[in-house]
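Me: Please zoom in on a single part of this one and talk me through it slowly. I'm new to this, so explain the terms as you go.

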Amino acid sequence: MSRPTVTASPSRRGRRGRLAVLAAVSAVFGLLAVAGPAHADSVVQMTGPAGPVPVDTGYTYTVDLPNTAPNPVDHAMEAYITLSGAAATFTAWQTSSPAWECRLQGTTAHCWELSSGDMPTSITLTVLPTAAGTVTAQASALSVWTGDQIGTDTTTTQVGNPTPAFPFTGFFQPVNNLPIVNTVNAGRAIPVKFSLGGGQGLDILATGSPSSERTACDGSTTDPIETTTASTSGLTYDAGSGQYTYVWKTDKAWAGTCRTLHLRLSDGTDHTAKFQFK
C-alpha cells in the first residue's frame, strides 16, 4: 500500500539507526521469533461515531495502538490515517501519550512516536465533514523495527444534511417565490409570510435572521409586490391562517439595486427570495 512521502528529521533518522541496532541484538537472542505475525486488530483499532453525523459538524475518530503483541516486530511506531469519500478534513489531534505527535494535511494524518521505544497510545482525531455522503477512514500501522505496514483498520461514517424540524411552506403573497424577482420601492416595509405546519412558537428564527445581501440584477422575470399595510414590525403568528409574518423593513438607500432575502430558521434551513428595489 502506498503512503505519503514524509522526509525524516535528523532525530527520526537517529531513532531508525538505534532501532536497527536493537533489532540486530534481538535477532541474536531470538526475541523476534517469540510469536507469529499479530492479527491486524491487535496492532491497530479504529472507532468512529456510532451513528450518522450532520454536515459541518465536527466528530472524532479514535485510533488505538496498544503495542502489546508478543512479537516486537508487530509493535507500531507510526500510523497513517486517511479519509476518502465525502468531503471531510482533519482539523485537530490529541494523543494519550506525550511520546506521540501528529501532523495533519487535509485528508491525511501522520502520527509517530518521538522516542526510540514502542509506547502504546490512543490517538483522537477531529474531522470536519463539509458534504453529505459516506466518509471512509483507514488507519495503517507501521512496524517499530522495519517500517513496514503491519496492520490496518477501516471504519465508515455517514454524513447527512440536517433534518428540517419545521415543515416550511412559503413564501405567500405579497412575496413571490424564485425564480420570480419581486420589484418594490426601497424603504417600504414588506410582510414576509410563511407557514411551519402550525404554531411553533416565536423562537423559530436563527440568530441574525432574517438578513439580506446585495446580488446582481440578472434580468429575471419580475413582479411588483402588491400594496399592503404592514404596521407591526418583527415576527408574529396568526393562528387563524396558520401563518407567520415577518415585517421586513427595507432601506431607501437600496434604490436601484437587487438583494436576496435570507430567512434562516433555527433548524438550520435557509429560505430565500429576491428583490429589485426602485
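Reply: I'll take one sheet and its rings first, then set that part against the rest of the chain.

Quick ground rules: this is a predicted model, where local features need pLDDT of at least 70, side-chain atom pairs count only at pLDDT 80 or more, and totals for chains, interfaces and linings use all residues. Residues are numbered from 1 along each chain as its sequence is written, and side-chain values use heavy atoms, with hydrogens and water left out.

The protein chain has two helices and 19 strands (DSSP runs numbered from the N terminus: H or I over at least four residues for a helix, E over at least two for a strand). Our part is an open sheet of four of those strands, in the order β11-β13-β17-β16, with antiparallel pairing (strands pair if DSSP finds at least two bridges between them). Look at the edges: β11 (169–172) and β16 (234–238) each have a single partner strand, so one side of each has no neighbour in the sheet. Strand β11 meets β13 (residues 189–195) over three antiparallel bridges. You can spot the match by finding Thr 169, which stands opposite Ser 195 in β13.

Now for the rings. The whole structure holds 10 aromatic pairs (Phe, Tyr or Trp rings, using the six-membered one of Trp, with centres within 6.5 Å; planes under 30 degrees apart are stacked, over 60 edge-to-face, the rest tilted). Try Tyr 237 and Tyr 244: their ring centres are 4.7 Å apart and their planes sit at 45 degrees, so this pair is tilted. The two partners sit in contrasting surroundings. Tyr 237 has 31% relative accessibility, so it counts as partly exposed, while Tyr 244 is at 0% and therefore counts as buried (buried is under 20% relative accessible area, exposed over 50%, partly exposed in between, with a 1.4 Å probe and protein chains only).

Another pair to find is Trp 248 with Phe 277, which is edge-to-face, with 6.1 Å from centre to centre and 70 degrees between the planes. That pair ties together distant parts of the chain: Trp 248 lies in β17 (residues 243–249) and Phe 277 in β19 (residues 270–277), 29 residues apart. Both Trp 248 and Phe 277 are buried. Tyr 237 and Tyr 244 also belong to a cluster, linked by ring pairs, along with Phe 168, Phe 171 and Phe 194.

Stay on β17 a moment, as Lys 249 is found there too. With 48% relative accessibility, Lys 249 counts as partly exposed. Check its C-alpha against that of Ala 189: the two are 4.4 Å apart, though 60 residues separate them along the chain. Links across the sequence like that fit a wider pattern: of the contacts between residues at least 6 apart, 70% join residues at least 24 apart (contact means heavy atoms within 4.5 Å).

Time to step back. Buried residues make up 39% of the chain's 278 residues. The largest nonpolar core has 30 residues, and among those touching the most other members are Tyr 61, Leu 83 and Val 135 (such a core is a set of buried Ala, Val, Leu, Ile, Met, Phe, Trp, Tyr and Cys residues joined through side-chain atoms within 4.5 Å). The elements giving two or more residues to this core include β3 (59–65), β4 (76–85), β9 (133–143) and β10 (149–160). Leaving out neighbours within four places in sequence, Leu 83 is in contact with residues including Tyr 61, Phe 90, Val 127 and Val 135. A second, separate core of 23 residues brings us back to our part: among its members are Val 184, Tyr 244, Trp 248 and Trp 254.

Back among the strands that feed the largest core, β4 and β9 pair antiparallel over nine bridges, with Ser 84 partnered by Thr 136 in β9. On to the next pairing: β9 and β10 run antiparallel over 10 bridges, and Ala 137 stands opposite Thr 155 in β10. Their hairpin has five residues between the strands, and Gly 147 there takes a positive phi near 80 degrees.

There is also an open sheet of four strands in the order β1-β3-β8-β5, again antiparallel. Its edge strands are β1 (45–47) and β5, each pairing on one side only. Here β1 joins β3 over three antiparallel bridges, one of them matching Thr 47 with Thr 62 in β3.
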